[in-house]
Each structure stands twice: as structure tokens, then as C-alpha cells.
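Work through the exercises below with the structure in view. Each task is followed by a solution in steps.

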Amino acid sequence: MDEKEVFQKVVAILKPFVKNQEALATVGLDTSIQKDLKVNSARLVDIVLEVEERFEIQVKDEDADKVRTVGDAVRIILAQKGSA
Amino acid sequence: MAHVLADSLRVVITGLGVIAPNGNTKDTFEDAIRKGKSGIRFHQHLRDGGFGCQVGGIPEGIEELRTRYLSEEALYAMNSNMIYAAIASIDAWTDAGFERPSPDGEEVHWDTGAIIGTGIGGIDTIGDKLVPGTNAGRVSRLGSTLTEQASISGNSAVVGGLLAIGNRLVTSAAACATGTDAIIEGYYRIRDGRARRMLAGGSEGHSKYAWASLDAMKVTCRTHNDAPEKASRPMSASAAGFVPAAGAGVLLLESLASARERGARIYAEIIGGNSNCGGQRNGGSMSAPNPDGVQRCIRAAIAEAGVRPEEIDAINGHLTATFADPLEIASWTKALGLPPEKMPLIHSTKSLIGHTLGAAGGIECVAAVLELHRGFVHGSINCEDLHPELAAYAGRIPHETVDVPDLRLIAKASFGFGDVNGCLLLRKFEN
């Protein structure tokens, strides 16, 4: 699984939680999940659950707490799944 | 003698929002009640669940409507009760001539509050997700959205954010009197000078869990599963319990001063309101009303309105299709002190939509306000075989809609478990 593929899957997971749908048009690894996409902070719990389910991984609370950008999430997933 | 109140203390209705089993907009609902169109349907999931009553009133077309009104992000954390409350409240707000606020905007409507009641709240979320997930040891997998959906105040909370409410925001509950009671409280908040505008009414989801406990009490109708549109039979000799239903009815209440200032269309005025409890004495109980309490409630609302009983043109009753219907009409008759043939026109919106529980007062007040505004009284269906105790009222209970161009005053009452009562006097707006 490469970075691009993980990135696309993460964006798809984020989409239903994004209040600023326009920001999705320019989403990149540096895009802030809360500041740019305006995701409600409470929903980060649901996003982690979705990530765990779709990628079949376990995300530690301390790792989840550090996620700020889309790239942060992608890196945590790649670290567990390994890159192709 | 009529009260003379300053415009800031007079409360008018300037917006209507309704999600009912027989119509999910103000216009389709008006058309449905005029035509005597029932919103009661057979529901296979109730038969599969072993319900005695397999019919119910579930608003239709909501899948399409909800994505038109609400974002995917908002819907992620909303159950049916919250969705109905949200759409009806948005409709009441925009019907009154206001724009729906932008989610990114900074303006808060400090002078506008909301009292949106519910009878049972988010029990579909509790039954479908919270309890099974917790019992299966999957607490860490429940996600973030169950608190707001399982909270009693979930319906008003979601409205607060969608409409940038800045005044009092609360969910109230008074069982089947909830919606009417919420409107009475909203009316008083404006009269007290604590708000200029209040969204007020009630909402109820269509959870089978809510209906199961009623079914178990054998208070719902189990005689018409094969003829759903005939199942809701208030005032009928063959009434055999109410038909459970869901939806929302929300009114935008506004001080007359505020309405005049912005040149708003005024549907009607609230000129009296009263809530009380019969104390579960003298025939009253958890599930039956003390007739003294009912009569005192109606009399107090009429006294506040400063009108004579004979001035009341129509009664939109609670009238659910249980044994209590003849008792209710006896109480109206005693409270008004009029002989049966001189009583106002008596009608039951529940004959068309069933009993929407905590939403009932809200939806039925929307019906009453539309009737005053347009000059008609809708017919009550399914009571061709009028209850024998109501024979003397036969001429006062229309089965089909009647045009009443000079319709001026409607009394609306709701009664609920706990022996609670609420009565409103609604008048066509007159300068």
C-alpha cells in the first residue's frame, strides 16, 4: 500500500466529517484536519475508529492525539501497514 | 373584558414548520388536512416485531428532504427525532421571513430562543446502538455521536446550532401535552420580556422502542392492521386505542412589536395559555386525567384570553381514540358551560395523522393556525359511527372540512401522562 493510496483512503474517510467541503478540492498532506477542513474535534474519535476498521490496524490513543494534518494520519497508517 | 396589552407583550405567530405523516411541508400538510388524507400506513417491521398495532404514522419523503436541508456532516450525528425537529424549525424560521444563518457566520440571535419538546427523545439511538454496544463490551467502539443523540435535549441542541439561537434553548417534556406546553412556555417567555422570538413546539422520532411500550400497555389500536387509514378513530364508537406516529411541529412566536417592526406576515395571535396538573386525584392517575384539572386548565386559558366561551369557534382537542374521548368532551362542555348543540366545532387532527406523542401539540397547533389563517376547520375522519355518549354533539363534529370564512378563535388543548394539561387560545390576527 503506497502513500498515495493511503492518502486517498484517508480523505474518503474524512469526507463525511468535513464541514468545509470546498477545502477538499485542494486537500494535501499538509492540510489541517480541524483548521482547514473544519472537522469537529469530537468526531476525531469516529475517524480513528473508521481508520482502524478500514486498514485493520490499532491506533494508540497517544498516536491519535498527535494527529493534526492529513499527512500525520497517513504516516501513522503507513508505519503500521508498511509501504509497498 | 379583553386585556389591553402593549405590542411588546402581545405574542403572534409568524412562522410555521411541520413534518407530519400526511405532509412534510406547510402547504402539503394543509392540503392533506383539508382533504381528509390519512398518513397512517401498515408497517411490516411492526408485524415482524410482534406488535399488536402494526400501523403507524411515519413521515414520508424524509430521505430526500433531509439531504436537502442538512449536510452529511450534520446528519452523521442525528436520529429521526433530531431530523424532524431540525427541518420543522428551519422551515418555521424561513417561513417567518428570516434567512437560514451560515454555519461559518458569527452572528448569534440573542433575542431568539427555542423550546422544542419531545416525549421519548432519542430512544432509537439508545436501543439500536448505545445499549447493544455497551452490553457487548464495545464501549470503545461506540463513537462520539451517541451522547448528543441519546440526550433528551438532542432535538433542541441541534436546532440551536443550525439557527444560531442565542436565547433560552431547552427541550421540555410533558408526555403527550409536550408540544402545547412548549408553546405556552414560549409565549410566556416573550410576554415576560425575556425574548423577542421563540421557536416552540415538539418533535418525536419513529422508534419501534417508543411504540413497543405503548403496545404492551394495549393503549394502541390493534383492530385495523388491514385497514390502516381507518385505524385512527377519535370520537368513534369503534375507537380501540390510538395509532402511534412521529414528526414535528414548530411555530415561530414573536412579539407583535418585533413582527410589526420588520413587516412580518402574521398568521395568528396567542391570547391565552395555561398548563396545570390534576394531581392524579379525583379520577386522575398516571394515565388518566382528573376532570377538575382539565376544566380548570381550559377555564384559566379562556380567562387569560378575556373572551366568552361562546366566542370560541372551534376546539382542536386532544382526542386520541381511547376511552377518554367522551370524558374529554364532557370536560370541554363543563368548562365552557355551553349545551352540546351550542359548542364550538370539535375536531381531532389525530384522526388524520395518529398520535405523534411529544410532537402532537406542535403539529396540531400548526393545523389550528393554518385553519385560522385560511378560514376552515378540517374534518375528523373515521367517526361516522360517533360514540353514543357524543350523540348530542353530532352537529358540531364535522367529518369533512368546512369553510368558515369568519373563523376567529380556536381553543387547542393537549393532555398527557402524569395528569398534565395544556390549553391555548389562538385568535386570527386583528389589529
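Helix axes here are lines fitted to C-alpha atoms over the stretch in contact, and the angle between two of them runs from 0 to 180 degrees between N-to-C directions. The model is a predicted one.

**Exercise 1.** Find the angle at which helix 1 and helix 2 of chain A pack, and classify it.

Solution.
- Step 1: Helix 1 of chain A covers residues 3-14 and helix 2 of chain A covers residues 44-55.
- Step 2: Their axes lie 10 Å apart and form an angle of about 135°.
- Step 3: Angles over 145 degrees count as roughly antiparallel and 65 to 115 as roughly perpendicular, with oblique for the rest outside the parallel range under 35. Helix 1 of chain A is therefore oblique to helix 2 of chain A.
- Step 4: The crossing of helix 1 of chain A past helix 2 of chain A is right-handed.
- Step 5: Helix 1 of chain A contributes Lys9(A), Ile13(A) and Leu14(A) to the contact, and helix 2 of chain A contributes Ile47(A), Glu50(A), Val51(A) and Arg54(A).
- Step 6: Sorted by class, this contact has four nonpolar, three charged and no polar residues.

**Exercise 2.** Do the same for helix 12 and helix 13 of chain B.

Solution.
- Step 1: Helix 12 of chain B (residues 291-305) packs on helix 13 of chain B (residues 324-336) at about 50°, and their axes are 9 Å apart.
- Step 2: These two helices of chain B, helix 12 and helix 13, are therefore oblique to each other.
- Step 3: Helix 12 of chain B makes a right-handed crossing with helix 13 of chain B.
- Step 4: From helix 12 of chain B, the contact takes Pro291(B), Val294(B), Gln295(B), Ile298(B) and Arg299(B). From helix 13 of chain B come Leu327(B), Ser331(B), Trp332(B), Lys334(B) and Ala335(B).
- Step 5: The classes in this contact are six nonpolar, two polar and two charged residues.

**Exercise 3.** Describe how the two domains of chain B meet, looking at the side of domain 1.

Solution.
- Step 1: The domain assignment places domain 1 of chain B at 11-261 and domain 2 of chain B at 272-428.
- Step 2: Their C-alpha centres are 21 Å apart.
- Step 3: Domain 1 of chain B puts 60 residues into the contact, and domain 2 of chain B puts in 54 residues.
- Step 4: On the domain 1 side, the elements of chain B giving two or more residues are strand 1 (11-19), helix 1 (26-35), helix 9 (178-191), strand 6 (197-204) and strand 7 (247-255).
- Step 5: Helix 9 of chain B gives the most to that side, with seven residues.
- Step 6: The residues of that side of domain 1 of chain B are 32 nonpolar, 21 polar and seven charged.

Conventions. Residues numbered from 1 in each chain as written. Chains lettered and ligands numbered in written order. Predicted model: local features only at pLDDT ≥ 70, side-chain atom pairs only at ≥ 80, totals over all residues. Domains from an automatic or database assignment. Contact = placed C-beta atoms within 7 Å. Helix = DSSP H or I, 4+ residues; strand = E, 2+ residues; numbered from the N terminus. Nonpolar A, V, L, I, M, F, W, Y, C, P; charged D, E, K, R; others polar. Left-handed = near helix turned anticlockwise from the far one by under 90°.
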